[in-house]
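Please open the model in your viewer and keep the sequence panel beside it, since each stop on this tour begins with a selection.

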Amino acid sequence: MIVKKYIKKIEFKEKLFDCIVCLNSNLPSIRFFNKFKNIKILAADGAAIKLYKKGIIADFVIGDLDSFKQSKVFESYTNDKVIYDESQETNDFQKVLDFAIKQDFHNILVVGFHGGELEHTLNNCSILFKYKNLLNLCVYDKNRYAIPIDESVELNCKAGEVISLIPQTKTIIKTQNLKWELNDEILELGVREGARNIATNNSIFLNIKKGSLLLFFDARLPFAPKK
């Protein structure tokens, strides 16, 4: 059994995101954005162009702006809404997260995480884990959430919900209330992953003994995970 008093509880009650970070890849429909009211939208470079085509003007555009400045969309923004960062040491995702920290945004929903070149997706995943202890980050895609975790947690969910545990890169974990339980077992990329498990209760317990992982579950729009 897992000692539950030492586990953080992930809930979705009233807590909303501080901002939405849009990366320059496949973005959700306008119906998705309509679920959020008075929440700032931060666009990474070319994502501002894709948002514009959906009828959305981002609150800020951040990056090296190599795509954005070449488009007519650039003319729709005032200088104070465009944050230029020419550094080649960081990608646009990291630049946006650094800006979010300066704006005192903490609970961040990320969209457009993948769908472009594979190396961009893998690099974004690296950035996600680099900032996991600085920000409360949550990735959204196709009505699913993904959050990076490196500590033991309880997740409120629904019996029958699909739960995926993807190690980064090696994790020792004990679980409770999953169809295929793990008992201090190793998940490791290239060896054994934990994709497409199933919750057997309205809450699951994950006791991470070592390492970290991406936890995938159904989205709770427009609410943010509260730990």
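The tour goes through the nonpolar cores, a sheet, two cysteines and a helix, in that order.

Before selecting anything, bear in mind that this is a predicted model.

**The nonpolar cores**

Begin with Leu165 and Leu215, which have the most contacts inside the largest nonpolar core, a set of 49 residues. Then add helix α2, residues 47-53, which gives the most to this core, with four residues. If you next select a second, separate core, you will be looking at 26 residues, among them Leu97, Ala100, Val110 and Phe113.

Return now to Leu215 and display its surroundings, leaving aside the neighbours within four places in sequence. The residues in contact with Leu215 are then Tyr145, Ala146, Ile147, Ile149, Leu155, Ile163, Ser164, Leu165 and Leu206.

**The sheet**

Leu155 also leads to the next stop, because it stands opposite Ile204 in strand β14. Select β9 (residues 153-156) together with β14 (residues 203-210), and you will find two strands that run antiparallel and are joined by four bridges. Widening the selection brings in an open sheet of five strands, whose order is β1-β9-β14-β11-β12 and whose pairing is mixed. Which strands stand at the edges? They are β1 (8-10) and β12 (185-188), each of which has a single partner strand, so that one side of each is left without a neighbour in the sheet. With direction ignored, neighbouring strands of this sheet are turned by 35 degrees against each other on average.

**The cysteines**

Select Cys19 and Cys22 next and show their side chains. Why is Cys19 not bonded to Cys22? The closest cysteine sulfur to that of Cys19 is in Cys22, and at 9.3 Å it is too far for a bond, given that a disulfide requires sulfur atoms within 2.5 Å. Cys22 is likewise in no disulfide, and the count of disulfides comes to zero. Cys19 counts as buried, with 0% relative accessibility, and Cys22 counts as buried at 0% relative accessibility.

**Helix α1**

For the last stop, select helix α1, residues 30-33, in which Ile30 is found. Is Ile30 buried or exposed? Ile30 is partly exposed, with a relative accessible area of 39%. Once the neighbours within four places in sequence are left aside, Ile30 is in contact with Lys54 and Ile56. To finish, draw a C-alpha to C-alpha distance from Ile30 to Asn183, which should read 43 Å for two residues that are 153 residues apart in sequence.

Key
Residues numbered from 1 in each chain as written. Predicted model: local features only at pLDDT ≥ 70, side-chain atom pairs only at ≥ 80, totals over all residues. Heavy atoms only, no water. Core = buried A, V, L, I, M, F, W, Y, C linked by side-chain atoms within 4.5 Å. Buried < 20%, exposed > 50% of the residue type's maximum accessible area, 1.4 Å probe, protein only. Contact = heavy atoms within 4.5 Å. Pairing = 2+ DSSP bridges. Axes fitted to C-alpha atoms, helices over the stretch in contact; angles between N-to-C directions.
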